Amino acid sequence: MKIQHIEAIPLRIPFTVGGKSDAGAWGGKDLKTVDSLLLKVSTDDGLVGWGESFGFTAVPIVKAAIDAVVAPLCIGRDPALIEKLMQELQRTLHIFGRSGALMFGLSALDIALWDIAGKAAGQPVHRLLGGSDASALSCYASLIRYTDPELVADNVRRALDLGYRRLKLHEIDPACVRAAREAAGDEVEITLDVNCPWSVREALDMARRLQQYNLRWLEEPVWPPENHAGLARLRREGGIPIAAGENASTLMDFAHMLQAQAVDFIQPSPAKMGGITELRKVFALANANNTTVMVHAFYDGPGLLAGIHGSAALGGANALVEWRFFDLEAQLYGDAIVPKNGMMAVPQGPGLGIEPSADVIRDYRLH
Ligand SMILES: [Mg+2]
């Protein structure tokens with residue numbers, strides 16, 4: 001079997017989030033659409049695998065990286081030799097950077113190759129990773145940043161009404177966190193993701209103000225994200241468990257993060273950090289360091305499925321799935337992965353287990 005064709009497909013799907021929002025970290029204020037990048041890998045014997053790269057405003061550069069650099073290196077190669085091909089591509093391209101657009105592109109490719117491997121074997125990817133008897137995983141509603149305590153409370157209630165008992169906020173103002181805790185009550189698990197705004201000193205001051213809201217974790221509190229010593233200090237002195245990792249890339253970054261004792265929860269993002277091949281290694285490394293993996297899956301396509309299969313096979317009983325609390329105009333997988341009562345089904349079909357909708361791709365493709 002050989003890789004015959006690779007096509008990067010940008011999608012733009014309108015969404016709403018229950019009020020005015022601010023996605024400053026990856027899209028800008030009052031963002032109206034979710035941009036994503038699918039990768040379709042076709043083989044000479046008719047199998048098709050689907051991957052996904054981290055999207056939003058990075059889509060044009062990742063598509064260029066795939067079209068101009070990654071795809072030409074892969075045509076004619078055996079898609080079954082995933083580890084070998086990914087190692088070779090990482091070595092060939094390392095001089096151009098070990099994270100960012102090229103690595104996002106490699107991540108999408110790797111996910112597509114695992115989809116092909118599962119389809120060739122007639123098995124779901126989680127079985128290729130060791131298997132899972134979970135038919136569904138708990139998930140948390142990952143709310144966008146609203147910056148307005150009333151809107152935060154409204155949307156917390158909206159998520160609870162839909163059956164979620166775990167929430168993530170993206171607020172940076174303690175008043176918004178208080179509004180969420182008051183709306184949710186004491187029993188709901190709340191995490192807070194602030195996307196790297198603070199110095200270590202500022203983060204320590206904020207942690208003191210946030211302690212009273214009983215956060216399960218504080219995510220990416222420190223700028224820059226690779227300030228592992230700063231995260232470690234905050235973890236020791238701040239009184240709130242620390243999560244980070246969505247901006248780390250490849251196994252070594254995660255090794256450094258663990259060596260620094262920077263995190264309680266480590267968050268590899270399979271559509272950014274090297275795909276399922278690299279994700280599997282981070283699970284093993286985290287296990288050896290007694291650290292819980294919480295896969296970052298701010299996606300709704302193959303990037304999300306990659307995380308579900310990884311978590312189902314490798315994540316243990318505490319694995320959680322991140323679900324963007326967006327109301328998309330169209331879902332790539334229809335209702336198949338939309339959580340019910342805070343649980344997300346583990347796909348059981350071959351490969352990633354669900355095929356993307358041809359209608360959604362046709363209707364929302366950016367040309
Ligand atoms: Mg995050």
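Here is a short chat about a predicted model of a protein chain.

Reader: Let's start with the layout. Which domains is the protein chain divided into?

Author: Think of the chain as split into two stretches of residues. One stretch covers 3-122 and the other covers 127-355. Those are domain 1 and domain 2.

Reader: What distance separates the centres of the two domains?

Author: The centres are taken over C-alpha atoms. The contact itself takes 41 residues from domain 1 and 44 residues from domain 2. From centre to centre, the separation is 21 Å.

Reader: How much area do domain 1 and domain 2 bury between them?

Author: It helps to know that interface size is often given as the accessible area lost when the parts come together. Here, 63% of the buried area is on carbon and sulfur atoms. The total that domain 1 and domain 2 bury between them is about 3,400 Å².

Reader: How many residue pairs are in polar contact across that interface, and which element of domain 1 gives the most to its side?

Author: The polar contacts across the interface come to 20 residue pairs. On the side of domain 1 that touches domain 2, the elements giving two or more residues include strand E1 (3-16), helix H2 (82-93) and helix H3 (101-121). By class, that side has 21 nonpolar, twelve polar and eight charged residues. The element giving the most, with eleven residues, is H3.

Reader: How many salt bridges does the structure hold?

Author: Across the interface of domain 1 and domain 2 there are two. A salt bridge also joins the side chains of Glu83 and Lys281, at 2.9 Å from N to O. For the structure, the count is 19.

Reader: How far apart in sequence are the parts that Lys119 and Glu355 tie together?

Author: Lys119 and Glu355 form a salt bridge, with their closest N and O atoms 2.7 Å apart. Lys119 sits in helix H3, while Glu355 is in the loop between strand E15 (343-345) and helix H13 (358-364), so the pair links parts separated in sequence by 236 residues.

Reader: There's a metal too! Which residues coordinate the magnesium ion?

Author: In sequence, the donor residues follow the spacing D-x25-E-x26-E. Asp193 lies in strand E8 (residues 189-193) and Glu246 in the loop between strand E10 (242-244) and helix H9 (250-259), so this pair ties together parts 53 residues apart in sequence. At 1.9 to 2.1 Å, the coordinating residues are Asp193 (OD), Glu219 (OE) and Glu246 (OE).

Reader: Is the peptide bond from Trp223 to Pro224 cis or trans?

Author: Pro224 is in the loop between strand E9 (218-219) and helix H8 (228-237). Glu220 has its place in the loop between E9 and H8 as well, and Glu220 has a positive phi of about 45° although it is not a glycine. As for the bond from Trp223 to Pro224, omega is near -5°, and the bond is cis.

Reader: One last spot: which residues does Leu162 touch, leaving out those up to four places away in sequence?

Author: You'll find Leu162 in the loop between helix H5 (149-161) and strand E7 (166-169). Its C-alpha atom is 22 Å from that of Gly307, which is 145 residues away along the chain. The residues Leu162 touches are Phe325 and Asn341.

Technical notes: Residues are numbered from 1 along each chain as its sequence is written. This is a predicted model: local features need pLDDT of at least 70, side-chain atom pairs count only at pLDDT 80 or more; totals for chains, interfaces and linings use all residues. Side-chain values use heavy atoms; hydrogens and water are left out. Domain bounds come from an automatic or database domain assignment. Contact means heavy atoms within 4.5 Å. Buried area is the accessible area (1.4 Å probe) that two parts lose on being put together, summed over both. A salt bridge is a side-chain nitrogen of Lys or Arg within 4 Å of a carboxyl oxygen of Asp or Glu. A polar contact is a pair of N or O atoms within 3.5 Å; within protein, one must be able to donate a hydrogen and the other to accept it, and residues adjacent in sequence count only if both atoms are side-chain atoms. Helices (H or I, at least four residues) and strands (E, at least two) are DSSP runs, numbered from the N terminus. Ala, Val, Leu, Ile, Met, Phe, Trp, Tyr, Cys and Pro count as nonpolar, Asp, Glu, Lys and Arg as charged, and the others, Gly among them, as polar. Donors are N, O and S atoms within 2.8 Å of the metal (3.2 Å for Na, K and Ca); water is not among the atoms, so sites may look incomplete.
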